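Visitor: I should like to understand how terms such as "buried" or "contact" are justified for a protein model. Please show me the structure, and let us reason from values to conclusions.

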Amino acid sequence: MAYNLASMTVQVRSFAKINLGLRIGAARADGFHELLTVYQTIGLHDLIGVSVSRGSGIEIRCDDPRVPRDQSNTCYRVVEKAMRAMKGKGRVVIEIEKRLPVQGGMGGASSNAVATLLALERVIKKTLPGEERLRIAAEVGSDLPLFLIGGTVLGVGRGEQVYPLEDLPGTACVVVTPEVGVSTPKAFAEWDRKLTLPGSSDRMVELGRGLSAWLSESYSGAPFRRGRAENPLLELVRAGIKNDFEQVVFPEYPELSEGKSALERAGARCAFLSGSGSTLYGLFASRQGARAAVTRLRQQGWAAQATVTLTRRRYWQKFLVSSF
Ligand code: C5P
């Protein structure tokens, strides 16, 4: 039986993420690399609309020609798996209003897929068990599961094993999106070529220690915000967080290294590449400082946007746009 849902559309926000540090470990037998990262969702987003009508198949509508409409789209792959798992019937129509850069290091495609999955569940009024959602998300890509949690998220394994961290206060953030497409597999390959392997496990250990210290302080039972001198997000960065991809991506794309310096000069407390790029972000002490930085960066020719980091609570509060 087809659903009598021809008129029902669920629209959701598909938020972006940044990586607050990313350490690359050893290449594994399956071709992936061990990762250790802290993901952080931010306020920038795409809009995703999902509806189910009579018929069969999956249709993707998007004005942006760079977004694929076929099986190679992560939304398509997630819907295929989810419809099978939920024994759903009908034609799934996914509308993507693209605002995030494509291939940008902000997890746009991954976020779109998770947003689609959750909107689809709402449309067909079925709920997948949590482990099933995580399994489907992880099968489609390493960066998907984090969007099932939102807020500040620890990512290990190939990045797909995710653990919610305590919500940190929303922090002003500026995102710079240069017109450069960085291929993630190529960046990993370059990492292997340049920087294998002596020392790479030391780096993982080093970050692990920094994170452990930070986490044990956060979870020691004391109300940590009171005990901390400043924004714990900025403290986390100071705990030795850096993005290993910078070592292979910056030499290849000097413009990105310049973007990082431009963010720092514009007043960022710290600035990093997100994922394998090309997105760069800076964390700021205030929203006002972030806005001033955007003005300055734009004058210098950078595509820059001010936003704020999203706590888990805000992420889910703002997730649903409409259901009609
Ligand atoms: O999982 P995802 O589809 O995002 O990965 C894209 C590609 O990035 C993989 O095919 C692999 O080449 C590389 N990758 C990796 N190690 C990871 C994540 C991704 O080598 N932890």
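Visitor: How many disulfides does the structure hold?

Guide: This is a predicted model, and the structure holds 0 disulfides.

Visitor: How do you know that Cys62 is in no disulfide?

Guide: A disulfide requires two cysteine sulfur atoms within 2.5 Å. For Cys62, the nearest cysteine sulfur is that of Cys75, 9.2 Å away. Cys62 is therefore in no disulfide.

Visitor: Why is Cys173 without a bond to Cys270?

Guide: The closest cysteine sulfur to that of Cys173 belongs to Cys270, and because the separation is 9.1 Å, it is too far for a bond.

Visitor: Why are Cys62 and Cys173 called buried?

Guide: The word applies under 20% relative accessible area. Cys62 has 8%, so it is buried. Cys173 has 0%, so it is buried as well.

Visitor: What makes Asn73 count as buried?

Guide: Its relative accessibility is 5%, and the cut-off is 20%, so Asn73 counts as buried. Asn73 lies in the loop between S3 and H1.

Visitor: What makes the approach of Asn73 to Pro68 a polar contact?

Guide: The side chain of Asn73 reaches the backbone oxygen of Pro68 at 2.7 Å. The limit for such a pair is 3.5 Å, so the distance satisfies it. Leaving aside neighbours within four places in sequence, Asn73 is also in contact with Ile60, Val67 and Ile96.

Visitor: Why is Gly170 called partly exposed?

Guide: Partly exposed residues fall between the limits of 20% and 50%. Gly170 stands at 46% relative accessibility, so it counts as partly exposed. Gly170 is found in the loop between strand S6 (161–164) and strand S7 (172–176).

Visitor: How far apart are the C-alpha atoms of Gly170 and Leu310?

Guide: They are separated by 5.7 Å, although the two residues are 140 residues apart along the chain. Beyond its neighbours within four places in sequence, Gly170 is in contact with Val308, Thr309 and Thr311.

Visitor: Which residues have the most contacts inside the largest nonpolar core?

Guide: They are Val92, Ile94, Ile96 and Leu120, in a core of 45 residues. Among the elements that give two or more residues to this core are strand S1 (9–27), helix H1 (74–86) and helix H2 (108–124). The largest share, 9 residues, comes from H2. A second, separate core of 30 residues includes Val180, Phe188, Leu280 and Ala290.

Visitor: Which residues is Val92 in contact with, leaving aside its neighbours within four places in sequence?

Guide: They include Val50, Val52, Ile58, Val79, Met83 and Leu120.

Visitor: What makes the approach of His33 to the ligand a polar contact?

Guide: A polar side-chain atom of His33 lies 2.7 Å from an oxygen atom of the ligand. Because the limit is 3.5 Å, the pair qualifies. Ser142 likewise places a polar side-chain atom 2.6 Å from a ligand oxygen. For Arg158, a backbone N or O atom lies 3.0 Å from a nitrogen atom of the ligand.

Visitor: How much of the ligand does the protein bury?

Guide: Taken alone, the ligand exposes 450 Å², and the protein buries 71% of that. The residues around the ligand include Gly31, Phe32, Leu35, Thr184 and Phe188.

Visitor: How many of the 324 residues count as buried, as a percentage?

Guide: The figure is 56%. The protein has 11 helices and 11 strands.

Methods
Residues numbered from 1 in each chain as written. Predicted model: local features only at pLDDT ≥ 70, side-chain atom pairs only at ≥ 80, totals over all residues. Heavy atoms only, no water. Core = buried A, V, L, I, M, F, W, Y, C linked by side-chain atoms within 4.5 Å. Buried < 20%, exposed > 50% of the residue type's maximum accessible area, 1.4 Å probe, protein only. Helix = DSSP H or I, 4+ residues; strand = E, 2+ residues; numbered from the N terminus. Contact = heavy atoms within 4.5 Å. Near = heavy atom within 4 Å. Polar contact = N/O pair within 3.5 Å; in protein donor to acceptor, adjacent residues only side chain to side chain. Areas by Shrake-Rupley, 256 points an atom, 1.4 Å probe, with all protein chains shown as cover.
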